[in-house]
Amino acid sequence: MVFSAASAVLFGVTPAVASRIYSMGGNAVTLTFYRNLMAVPVLLALLGLEGVSLRLTRREAGLLLLMGAGFRVTTTLMLYQSYLYIPTGMATTLHFLYPALTALLCRARFRERLGPWKLFALGLSGLGALCLLELSAGTDPRGVLMASSSALTYACYLIGLDKTALRDMHPHKAACYMGLLNAAAMLAVGLPTHQLRLALPPAALGLSFLLAVSTSFLAVSLLQRGIRLLGASSAALFSMLEPITSVAVGCLALAESVSRRSLLGCALILAGVALTALAGQRQAVEK
């Protein structure tokens, strides 16, 4: 629970730092490229110190390509592409359909028992996410479709980390290869579309490195550990702390206003996460 929640909080700080980088000339593609690429040397150094081999079996390589290029990279591209059609807040909220989709897919594919408490927690968190969503008459359906699809691909990515051989891979090793795949994808997309801006001010590069360490290194590794211990569906519920962190940081650091509806949404999400934690403790005691 601690690993999954800490991962969500680290991811939740990203928008505030990203907005600062954007004001220095960066953009979504550039930040994603640097955030993933800059984490790789750190991860390689740690793997060397820990004596972890970088060798992959054919099965592991295939799974990394499927989960990394097939699901995680696709998630990033669709989510950032949706920003062209709908506000980023709306896109992010739609992306957070993934906890419910993760639980439903685990139930449908692996017959995973959800239980009444988890279902209730999912309902509360989903209702809270809807409170954070602000649709308007001029909302472009293309953006809604892309952001919602990013939730589905991210749910598949989380399930892949839980139900395949990647579950037992060293977290830093998995994060290293995922970072390389994501950076390569941003390079392939950013160069021909001229969205990749390699020349950024030193301050922007420094903040990008900070994000690389906190997200592509720490948050990704913590999430994999959380999934290994909790399972994909429960870990995904704790990830709902991410939008709450984003709202709190935006309010405190960027002086953004928060509506009563947003506060209600945050309260419902927190209630859902708390119920999941209590249900997990109850199951541990019963065992």
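Where is the place of H194? This predicted model puts H194 in the loop between α9 (171–193) and α10 (202–230). The legends below start with the whole protein, then move to close-ups, and come back to that loop at the end.

**Figure 1. The whole protein is built from helices, with 13 of them and zero strands.** Read from the N terminus, the run of elements goes α-α-α-α-α-α-α-α-α-α-α-α-α. The radius of gyration is 18 Å, close to the 19 Å that the globule rule gives for 287 residues, so this protein is as compact as a globular protein of that length. Along the principal axes, the C-alpha atoms fit a box of roughly 50 × 50 × 30 Å. Buried residues make up 49% of the 287. As for the outside, about 13700 Å² is exposed, and carbon and sulfur atoms supply 67% of that area. Look at contacts with a separation of 6 or more, and you'll find that 89% of them come from residues 24 or more positions apart.

**Figure 2. Three tyrosines, Y98, Y154 and Y157, gather into one aromatic cluster.** Searching the whole structure turns up three aromatic pairs. In one of them, the ring centres of Y98 and Y154 sit 4.8 Å apart with their planes at 80°, so this pair is edge-to-face. It ties together distant parts of the chain: Y98 belongs to helix α6 (residues 98–110) and Y154 to helix α8 (residues 141–163), with their positions 56 residues apart. Both Y98 and Y154 are buried. Y154 also pairs with Y157, this time in a tilted arrangement, at 5.5 Å from centre to centre and 35° between the planes. Y154 and Y157 are three residues apart in helix α8, so about one helical turn separates them. Like Y154, Y157 is buried.

**Figure 3. Two charged residues, R109 and K163, lie over the face of the F110 ring.** R109 is 5.2 Å from the ring centre of F110. For K163, the distance to the ring centre of F110 is 5.1 Å.

**Figure 4. T75 reaches T153 through a polar contact between side chains.** Start in helix α4 (residues 58–82), where T75 is found. T75 has a relative accessible area of 4%, so it counts as buried. The polar contact from its side chain to that of T153 spans 2.7 Å. What else does T75 touch, not counting residues up to four places away in sequence? Besides T153, the list holds H95, S150 and Y154. You've met Y154 already, as a member of the aromatic cluster with Y98 and Y157.

**Figure 5. L132 is a buried leucine in helix α7 (residues 115–132).** Is L132 buried or exposed? Its relative accessibility is 15%, so L132 counts as buried. Setting aside residues up to four places away in sequence, L132 touches T93, P243, S262, C266 and I269. To get a feel for distance, pick out L101 as well: L132 and L101 are 31 residues apart in sequence, and their C-alpha atoms are 18 Å apart in space.

**Figure 6. R55 sits in the loop between α3 (39–50) and α4.** With a relative accessibility of 73%, R55 counts as exposed. Which residues is R55 in contact with, leaving aside its neighbours within four places in sequence? Those residues are E60 and K173. R55 and K173 are 118 residues apart along the chain, and 9.6 Å separates their C-alpha atoms.

**Figure 7. Back to H194, in the loop between α9 (171–193) and α10 (202–230).** H194 counts as exposed, with a relative accessibility of 69%. Check the backbone here too: phi of H194 is near 60°, a positive value in a residue other than glycine. Most residues other than glycine have a negative phi.

Terms used: Residues numbered from 1 in each chain as written. Predicted model: local features only at pLDDT ≥ 70, side-chain atom pairs only at ≥ 80, totals over all residues. Heavy atoms only, no water. Phe/Tyr/Trp six-rings, centres within 6.5 Å; stacked < 30°, edge-to-face > 60°. Helix = DSSP H or I, 4+ residues; strand = E, 2+ residues; numbered from the N terminus. Buried < 20%, exposed > 50% of the residue type's maximum accessible area, 1.4 Å probe, protein only. Lys NZ or Arg CZ within 6 Å of the ring centre and 35° of its normal. Polar contact = N/O pair within 3.5 Å; in protein donor to acceptor, adjacent residues only side chain to side chain. Contact = heavy atoms within 4.5 Å. Rg over C-alpha atoms; globule rule 2.2 N^0.38 Å. Areas by Shrake-Rupley, 256 points an atom, 1.4 Å probe, with all protein chains shown as cover.
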